[in-house]
Every structure is written in structure tokens, then in C-alpha cells.
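This report goes through a protein model chain by chain and then looks at where the chains meet. Please keep the structure in view while reading.

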Amino acid sequence: MTRYILSRLASLPLTLLAVSILTFSILHLVPGDAVDVLGGENLSEHDRTRLRKEFGLDQALPVQFIRWLGNALHGDLGVSIRTNRPVFDEVMARIGTTVELALFSILIALLCGIAGGALATRWRGSWLDKAIMSASILGMSIPNYFAATTFILLISLYVPAFGVVSYVKFGTDPLANLQSLLFPALSLGLLAGASFCRYFRAAAEDIMRTADFVRTAKAKGASDWRTLVHHVLPNSLLPLATVAGLQFAYLIGGAVVIETIFAIPGIGQLMIASIAQRDYLVVQGCILLQTVIFVVINLIVDLLYPLLDPRVRISGER
Amino acid sequence: MIPPVLELRDVTKRYGSHRKPVWALTGVSLKVRPGETLGIVGESGSGKSTLARIAVGLERPTAGAVLVNGDVNRSHNGASPIQMVFQDPASSLDPLLPIFDSVREPLAGDRSVSAEAGRTRVMRALEEVGLSHDIALRQPGGLSGGQKQRASIARALVALPPMIICDEAVTALDVSIRAQVLNLLRAVQEQHNTAFVFISHDLCTVSYMSDRIMVMYLGGVMEAGTREQLFATPAHPYTHSLLSAVPPLQQGSGARSRLRLKGDPPSVTQVPPGCRFQTRCPMADTRCRQEQPALREIAPGHHAACHYAPVPLQELEAAATAAQPTA
Amino acid sequence: MPTRIQAIAPGEGSRPVDRPAQVSMMQRIRSDSALMLGLLMCLALLIAVCLGPFLDTQDPQEMTANVLQSPSPLHWLGTDSVGRDVLARLLLGARSSLAVAVAATALALVIGVTMGIAAAYLGGWVDWTLMRIIDIVLSIPPLLLAIALLAAIGPSTPTLLLVLVLTHLPQTVRVLRVSALQVGQRAYVDSAKISRVHAVRIMLRHVLPNVRGMVIVQASIMVAHMLLVETILSFLGLGVQPPSPSLGFMVSEGRQWMELAPWVVLSPGAVIIFSVAAFTIAGHGLDRMLSSQQ
């Protein structure tokens, strides 16, 4: 097992390096002079030369990259054109919000997915099963922005008192915070939950059909529910963890859209606003950070594999 | 002097990494002359399928040499000089291709064969294996196991190769069909003087087909000799146990009592030092556990890899009974 | 010595010669009601999208003074904020989204299937390197990558196609590689190798046709997913640019007037959901059919 952990950790720097190369090159994909991009238009020749030197844009690309990387590792990602604050500060200020939204969404997704999948498996073949599966296909077909928009519409029409509360930090007012994040999290979570539901149902059905220990449990007289909860659930955690990791990627992307719609001050909203403002250094910083979060989360899930799959622990290797 | 059609010199095959090697074959040598049939018997893990794949060129040996017609480079009119008939009829033929196309495939590399000539050869091959012409246009899906295997045999002989290897070719067939297919193979051999290597775990089938037989265990050769030698004077304890499993009707030399081996078959990842067969041999002693017996000639053309070969049956049975007093 | 064996009479083996081993494909499709539903939905969509704009409807670009009108006999789905007929825009927008999704899927499949089969067959360092690259590309959330590239290069239809193909290639390659590996183990591939058939010919003649089931399943699922992603990108203004109508952008535009004229938002949304669901259901059904064949 140590070998597995070490090999997973060893791939981390390479992945991060590749990600940072990609992020770095984004700025250079922008058509037009990078100086114009960074400094805005209407620059004097003097300003241009100054900016070129300051950003090292007169040097070769690989050199620029090394310079950028060196700075990035020190936390220096440049300065935002819009606010004149360091990019790093801007991004870090909002990270907590996005992470909170993501966690909330995944929680909803897991709850819905496992509950729906369990119910569907318990009564497989019945109308409930078919209804849940149909609902999950529907859920997978709804774009997140549409779900969000519909929620807002329904609330304004039928529950105006509830209202779409503007975001409040957790520290300030926990209840308001949760209320403000509820519908955003639902928009993301229900749709991911639909996916989980299908996977769980498929995994559970597979296990119930083939696993020997299920037959043993039933022979001993265990009810369907007990079998499900005590035997099937722990064994399906592994494929579910795989899917959860994948869904988290979509969640991070989706958060960008949801934050924009609900005006939640997270990294995603910052990124979109900065794109509109052509504040490319901020865009770089946002992408870098979001990707790092995703890579780290995936690593954690991978490292959790041995815990979830006793076979890996016992055999000592994967 | 005509070179043997197939010659393996000290062939070894290792799978896996240096730290965790799996020795599928160790130091196997054999020669097959034109028109001859060599039978190879062994249980799973004996390395017989690996041997087949190396002989036919699908894999390269880790050490040792493979010579076809005396030459390291194999060629026979653009195709391989050694063709193969596989075990599973279902996966032997591309399910999407009509039988005709599958059978024609070995001729693809031969530029001297025109389309018309190729067609004739395919039809002739199909006739020879007993498949009617309208079967040629069908896909394998509608055919029975026996028919599919016949089609595989047709494919194997369409380019008139000097040798055909049959790797468990009849194992997947119904017993009633087996005899027909075996007779077909013998007819093919008589017609074309093809050399054969016939591989099976079943000693009966192997002996029916073969002039000479090689007994393999855990990647090594235990005994090799003519069919008569092996049946009349088996030398290796493993051969004895294989023979004792054959129903008396087949042997014709009196009934034998079933010789039971002790222990479980070891896995290929854990080959014991010394004699490979020690874990199950009733007669294994300290020397067997330390020193690996070489394959030595105990009679003209008859080789065995055992320190005590030739081992008489009575001695072996006595040792087996002694080891299991409650048996 | 007889040199021929008589032709085998019917009854050899366990199965008579003439009975077909497989049920026809149409019968199998008909027996799976979900698959039928999915395929019918796809068909309906394709017909509506191809024929719709030619029917006698309003001009999608014509801005009238009838702003934000509710559905009426003149405008079946009402008008938007600048008086354009919603239905006409819907049909055109659906067509463009579908066209982009199908084109991107076709491209991704051609490239991805080739890479997947090649990686599986060639093995060795080629396979290893490709898998590492894919792992790296998959570490970036696809939507982020799409937004970043479109923002940097500038939104346009070719860039949109590039971005869609890039974000979907890794999964395609992975899935096809697994299928190709399975096929590569089969005896008929070994036989072709023995017969000295050239590697490329083996891949084209034996491997590719035998993985076509998986290719079709992937195609269906990918179209569904690309539709979804395309509408998200156009919602953000990064998709097909105005004045060409696009479904996602219609939702985005209509949001401001949602309470006054909900149909401006709900109708594109409904079309999106229908389209994505159609290909998803069809894809799942095809997957079921494929698995039962194995």
C-alpha cells in the first residue's frame, strides 16, 4: 500500500507542472500584444517599454514561464488591473466561499444519489424504481443554469418571502449563510445527484446479483433493507468514490455559472467578471487555484481507496 | 540433411518484473521433423500454451532460440510456416467476416496467388474439412462449435504450411464431435504430410494423434519419448500419475490402480527450488528438494527429468500408499 | 485412403445448421421500450430541426414592436424582448446547437477512436505516454478549460469546436482503448498476426468493426454531453455569437424578463432538456443492447 501512496504522490508535481504550463499559456493565446492586454489600450511608448521590462515580456517564452512559476510559488501572481490588489489576495479571499458551495453541493448530491439509488434498488422493477430512474435521466439533462433560473423564478412567483438572499459569510450569520447557499447548492447538487443515483443503482444491482455474501445474508434471513445497508452500501462506496471525483470536476466548472447567476462572491464569479474586464492575470490565478483544488481533491480520494476497499489494505498493493 | 520443421533450443520465457518473475518456460528444447506429430501433455500452468505461442511467433522467448526449417527468420510464401488452430471456436473466427474471408486470410501475404487462385484454394480447403460451399458465405454466428473448428482448420491449411499447431483444438467440443475432428486432422496430415504439434491436457487425445509425446510440468519437460515408450515404460512419476488417470479400456495392458498425488498443484509464481515436481511426488527426498534433475536419456530417444528415473510403477505405488495410510 | 470427409449432416454438435444464432436488430430495439423512446425522441428532434425553419413561420431576426408578447396564434411561443418570434429563434438555435454537437462528436470520435485503438494495439511506451497525457488533461475541470480557451482566443465557432473536441477526447480514448484491448485478446486477432497481416490492416479490418458497438454508444452519450456544454458556454456568451440565435444565450437574455414573460426562458430550456434527454436515453439503451450481446 505504501507503494501505491508514494506513486500517487509522485505524480502530483508532474500534474501540477502541466497544469501551470497550460494556465501560463492562456495569457499568450490572447490575440494581440500582451502589453496591450495587461496594461489596457492607449499606452504611451514609454509605458509600453516599462511594462515590457516589468513583466519580462521581452524574454524568451520558457524563461518567462520559469519566472512566472517562480513568482507563483512565492504567492506572487501579479496584480489585478481592475482593483490594483495582488491577484493572490483577490483569489484567496474568495476561495472559502466556493469551497463551501462545492461541499454543500456534494453533500446534497450524495444524499439524493444514495437515497434515490437505495430506494430504487430495494424496490427494483417496481414503478418507484422506474420513476426514480426516469427522474435521474431528467436530472442529468437539465443544464445547471436553467435549474438555477427556474428556482429563482419559482421562488419569486410562489415564495417571495423566502427570497433569494444575497450571500452572507458563515462567520457573520450561519443561518443566513446556509439560506443564501441553499438554492445554488441545490442547482448543482441535484443534477450531480441524478448521476450518482444511476451509478449507485447500477453498482448496487450488480453486487446484489452477483456477490456471494449477499446470498449468504439473505439465506440467514436478513431483510432486503439490512442487506442493502450493511452489505451492499460499503461495497459500492468504491465505484461511487470514483464517480464522485469525476463529478467534482463538473461541479467546479458548474460553480462558475451558478456563482454568476446567484451573485455569490466566489472564485467562479471573479473569473467571469475578470474575463469581461480583460483582467487576464486574475483569470490565470483563478484557473490555477481551481485546478489545484481539483487535483488535490482527486489525490485525497485516491488515497482513500485503500480505506474503502479492504482488499487493497490486506493485499498490500494495488 | 533436412532440418527439422521446428526446433526449440533451451527456450525460456519469463513474464512479470525482475522482482516478481513468473517463469512460464525454463530451458525447453524440442525438435519436430517434417510429417511428424509431437504431442505435448500438461495441466494448466505447465507452459504448453506459452510454448505454442512462442513456436508460432506470437511471442519472443526471453532466452533460447526458435528455428523454423533451420532458419531463425521464418517465411513461407509471405505467411508464417507454422499455422495454429485455437481452443475456443467462438473467438477463433472474426464474427463479422464470412467464413470465406476468414479462411482466405493466410493467403493475403502471398503475392503469387491471384484472387481466382486464392478462391479455388479456399474452396478446396473447405471441401477437405467437410464444409459445404454455401457455408463459405455465412458468418460464424450461425455455425455450430464443430463447424467453426473445421473452418479454423481450413484456415490453417489453406496456405499449405509445413506445420500446424493445435492448442487444445478439441477440448471445447462435444465428445461425440471430437473423434470426427481428430480423424479429420489425421486425414489432413496424411494428405499433405504436415507436421503437427498437438497440445492437450488429455493424455488419451494426445496419444491418439502423436508419434512422440512430451510431458510438461510447471514450465519444464518431465519426460519425452515415443508413444510406445511412454505407455509401456513410463519413467517419470508424473507420467505414471497421468497414465493412472486414463480409464483402463484405453490402455490395453491391464488395469492400473489410481495413483493419487499428494498436495495441491503449485502456482507458476512459486516454482520450488530443485525438482519442480517435489511438492506432489510421493518419492521426493532431500536430493530432489535441492538439486534440479536434468533431462537425461534413459533409453534411445527416451528422456526423463528425474533423479531416480526410470521409476518402476510398483515402487511409486508403494511410496504413495505409505504416504497416505488412511487412503 | 479417403481424402475427404463427407459433408456433415444437420444435427452435428448441439445446434442445427440452419437456425440463426441472433435475433435481428430491429427486434431487439423493439423489445427495449426505453431505447425506442430515446430513438424516437432523437428522430423527432432531427425532423423538427431540419424541417422547422422551412415551415411558414416568422422571421427569427425580424424585430417587431410586439415586445414580450405571450403565445398567440401569430407567434406560437410569443416574442422576446425585441419583438422577435421565439419559436423561429428556437428552431434555428436548436439546429445550430445540434450541428455543433454532432460535428464536434464526429471529430472527437474519429480522432479518439484512432488513438484508442492504436494505443491498445501498439501497447508499450506509446500506450503509457498517451495515458499519462490523458491523465493530465483530465486533471483540469473541462468547463474551466473551455471557458479559459474561449476567453483567451476569442469566441468563434471554430474555437468552440476545438474546445468541445479537446474536452471530450480523453474519455473517448480511454473507453475505446479498453474495448480495443478486449478485442485484441481474441484468437482471431492472433490468427491474423500469424498470417502476417499488417498491423494497420488488423486494426482496420478486425479491431475497428468489432468495437463499433462501443463507438455508437459513445457517440450518443457524447452528443448529449456536448449539447449540454455548448449551451452552458453560450449562456456565458462564449458560444455561437449573436445575432445567430443559440439556446443557451436565449435563456441568458430572457432572464431579465423572466417574471413578465417566463416562456422566453422556459421554452429554450425545455428544448435543451428534451434534446439532451433524447440522446442520453438512446445512449443508455444502446449500451444495454451492446452489453446483452457480449
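The centres of domain 1 of chain B and domain 2 of chain B, taken over C-alpha atoms, are separated by 30 Å. The model is a predicted one. Domain 1 of chain B covers residues 6–214, and domain 2 covers residues 233–323. Where the two domains touch, domain 1 of chain B contributes eight residues and domain 2 of chain B contributes nine residues.

On the domain 1 side of this contact, two elements of chain B, β2 (21–32) and α7 (203–209), each supply at least two residues. The largest share of that side is three residues, and these come from β2(B). Sorted by class, the domain 1 side that touches domain 2 of chain B has six nonpolar residues, one polar residue and one charged residue.

**Chain B as a whole**

Chain B contains 12 helices and 11 strands. Its radius of gyration is 21 Å, and the globule rule gives 20 Å for 327 residues; the two values are close, so chain B is as compact as a globular protein of that length. Along the principal axes, the C-alpha atoms of chain B fill a box of roughly 65 × 45 × 40 Å.

**Chain A and its helices**

What does the secondary structure of chain A come to? Chain A has 13 helices and zero strands. Read from the N terminus on, the elements of chain A are therefore written as α-α-α-α-α-α-α-α-α-α-α-α-α under the rule that names helices and strands as DSSP runs.

The table sets out burial and contacts for chains A and B.

| Chain | Buried residues | Contacts with a separation of 6 or more that join residues 24 or more positions apart |
|---|---|---|
| Chain A | 36% of 318 residues | 71% |
| Chain B | 46% of 327 residues | 67% |

Two packed helices are described by the angle between their axes and the distance between the axes. In chain A, helix α5 (residues 87–122) and helix α8 (residues 174–210) pack at an angle of about 35°, and their axes are 5 Å apart. The crossing in which α5(A) passes α8(A) is right-handed. The residues of the contact of α5(A) with α8(A) comprise 21 nonpolar, seven polar and three charged.

**Chain C and its neighbours**

How many residues of chain C are in contact with chain A? The contact involves 31 residues of chain C and 35 residues of chain A. On the chain C side, the elements that give two or more residues are α5 (142–153), α9 (212–235) and α11 (263–293) of chain C. The residues of this side are divided into 24 nonpolar, five polar and two charged.

Another helix of chain C is α7 (residues 187–194). Six of its eight residues are buried, so α7 of chain C is largely enclosed by the rest of the structure. The buried residues of α7(C) are Ala187(C), Tyr188(C), Val189(C), Ser191(C), Ala192(C) and Ile194(C).

Which elements do the buried residues of α7(C) pack against? In chain B they pack against α1 (48–56), β5 (82–85), α2 (89–92) and α5 (145–157). In chain C, the buried residues of α7(C) pack against α6 (157–184) and α8 (199–210). Just after α7(C) comes Arg196(C), which takes a positive phi of about 65°.

Key:
Residues are numbered from 1 along each chain as its sequence is written. Chains are lettered from A and ligands numbered from 1 in the order in which they are written. This is a predicted model: local features need pLDDT of at least 70, side-chain atom pairs count only at pLDDT 80 or more; totals for chains, interfaces and linings use all residues. Domain bounds come from an automatic or database domain assignment. Two residues are in contact if their C-beta atoms, placed from the backbone, lie within 7 Å. Helices (H or I, at least four residues) and strands (E, at least two) are DSSP runs, numbered from the N terminus. Ala, Val, Leu, Ile, Met, Phe, Trp, Tyr, Cys and Pro count as nonpolar, Asp, Glu, Lys and Arg as charged, and the others, Gly among them, as polar. The radius of gyration is taken over C-alpha atoms; the globule rule is 2.2 Å times the number of residues to the power 0.38. A residue is buried if 20 or more other C-beta atoms lie within 10 Å of its own, exposed if 12 or fewer, and partly exposed in between; C-beta atoms are placed from the backbone. Axes are lines fitted to C-alpha atoms, for helices over the stretch in contact, and angles run from 0 to 180 degrees between N-to-C directions. A crossing is left-handed if the near helix is turned anticlockwise from the far one by less than a right angle, and right-handed if clockwise.
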